[in-house]
Amino acid sequence: MRKISIKVIVLLFFSITFSTSVYAEDTLNYVRKGYILRLINNDKSLDEEVIINLIDTYFTVFPVLVRNFNENTAREVVYCIDPEYQGVAEVSGKKVRISSRWLKANPDDFDLVTHEVMHIVQAYPSGAGPWWITEGIADYVRYVYGVDNAKGGWYLPNYSDKHNYSDGYRVTARFFLWIENKIKPGSIKQLDYAMRSGVYSDGFWIKQTGMTLDDLWELYGKNPVI
Ligand SMILES: [Zn+2]
């Protein structure tokens, strides 16, 4: 009798150990409606509300992006909050590395993960197209699908004649928004699809809008209202 109960305890111990052994001991796992988020927080001094907002943003935004852009995306993301990291945030595979230093200085910038998880959804093959399209789409998506960009002090900059579509990030995002609103709705979804399919070329813009990229930018510069 005694022997059996020890065996059960040992078995239980190993099943628990092995089921979580892929990740560090202090990984927290969250599951909502089939979507998984694993959280590795290496900065225990970070305000809990900041973390809760990052988690909620994932569960609010990621399923919508998967549904709208790429249904083949795995329903699992890892957040790693890193006090050593000198950047703001970056993605590698399904892992989003976030600077805790940045979060402490910008506690309401939870929509930074909207940009980052879009990179997971994008999953463009190498050589898919220029980097500024990748970053422009991620910021366009942050603008359109973000939970509360204004709260995080994040906005699209006004047009300037010093800008170019190839600046990437918010400058490109604003141009993409203009194309959606003023030229042809659905273009950015098509652009994302072309990038992921590896068929993007300069000809994309003529096919999609009847204009070259340079012509579009010139027209945008004449009346950049979005
Ligand atoms: Zn990015």
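This report covers the fold, zinc site, helices, pockets and backbone of a predicted model.

## Basis and overall fold

Local features need pLDDT of at least 70 and side-chain atom pairs count only at pLDDT 80 or more, while totals for chains, interfaces and linings use all residues. Residues are numbered from 1 along each chain as its sequence is written, and side-chain values use heavy atoms, with hydrogens and water left out.

The chain has nine helices and five strands. Both are DSSP runs numbered from the N terminus: helices are H or I with at least four residues, strands are E with at least two. Along the sequence the pattern reads α-β-β-α-β-β-β-α-α-α-α-α-α-α. Of the 226 residues, 43% are buried. Buried means under 20% relative accessible area, exposed means over 50%, and partly exposed lies in between (1.4 Å probe, protein chains only).

## Zinc site

Three protein residues donate to the zinc ion: His-115 through NE2, His-119 through NE2 and Glu-135 through OE. They lie 2.0 to 2.1 Å from the ion. Their spacing along the chain is H-x3-H-x15-E. His-115 sits in helix 4 (residues 112-122) and Glu-135 in helix 5 (residues 131-145), so this pair ties together parts 20 residues apart in sequence.

Donors are N, O and S atoms within 2.8 Å of the metal (3.2 Å for Na, K and Ca); water is not among the atoms, so sites may look incomplete. His-115 is buried, at 6% relative accessible area. Glu-135 is buried too, at 14%.

## Helix 5

Eleven of the 15 residues of helix 5 are buried, so the rest of the structure largely encloses this helix. Among the buried residues are Trp-132, Ile-137, Tyr-140 and the zinc donor Glu-135. The helix should span 21 Å at 1.5 Å a residue, and its end C-alpha atoms are 21 Å apart, which agrees. The expected span is 1.5 Å times one less than the number of residues.

Val-144 also belongs to helix 5. This residue is partly exposed, with a relative accessible area of 39%. Val-144 and Leu-177 are 33 residues apart in sequence, yet their C-alpha atoms are 8.7 Å apart in space.

## Helix 2

Helix 2 (residues 48-69) has 22 residues and an expected span of 32 Å. Its end C-alpha atoms are 31 Å apart, in agreement with that value. The helix bends by about 25 degrees at Val-61. A proline, Pro-63, follows within four residues. The bend is the angle between axes fitted to the seven residues ending at a residue and the seven starting there.

## Pockets

The largest pocket has a volume of about 310 Å³. Its lining holds 17 residues, with Val-88, Asp-109, Leu-112, Arg-142 and Trp-154 nearest the centre. Helix 4, helix 5 and helix 6 (169-183) each give two or more residues to this lining. Helix 4 gives the largest share, four residues. By class, the lining has six nonpolar, five polar and six charged residues. Nonpolar covers Ala, Val, Leu, Ile, Met, Phe, Trp, Tyr, Cys and Pro; charged covers Asp, Glu, Lys and Arg; the others, Gly among them, are polar.

The second largest pocket holds about 160 Å³. Helix 7 (187-197) and helix 8 (203-209) each give two or more residues to its lining. The largest share, four residues, comes from helix 8. Lining residues include Gln-190, Tyr-193, Tyr-200, Phe-204 and Lys-207. The lining divides into five nonpolar, four polar and one charged.

A pocket is an open set of points on a 1 Å grid over the protein atoms alone, where a 1.4 Å probe fits, with protein on both sides within 12 Å along at least five of seven lines; lining residues have an atom within 4 Å of a point. Points are joined across faces, edges and corners, and the volume is the space filled by probe spheres set on them.

## Positive phi

Most residues other than glycine have a negative phi. Lys-33 has a positive phi, near 50 degrees. This residue is in the loop between strand 1 (28-32) and strand 2 (35-41). Lys-33 is exposed, at 85% relative accessible area.

Ala-123 also has a positive phi, about 45 degrees. Its place is the loop between helix 4 and helix 5. Ala-123 is partly exposed, at 45% relative accessibility.
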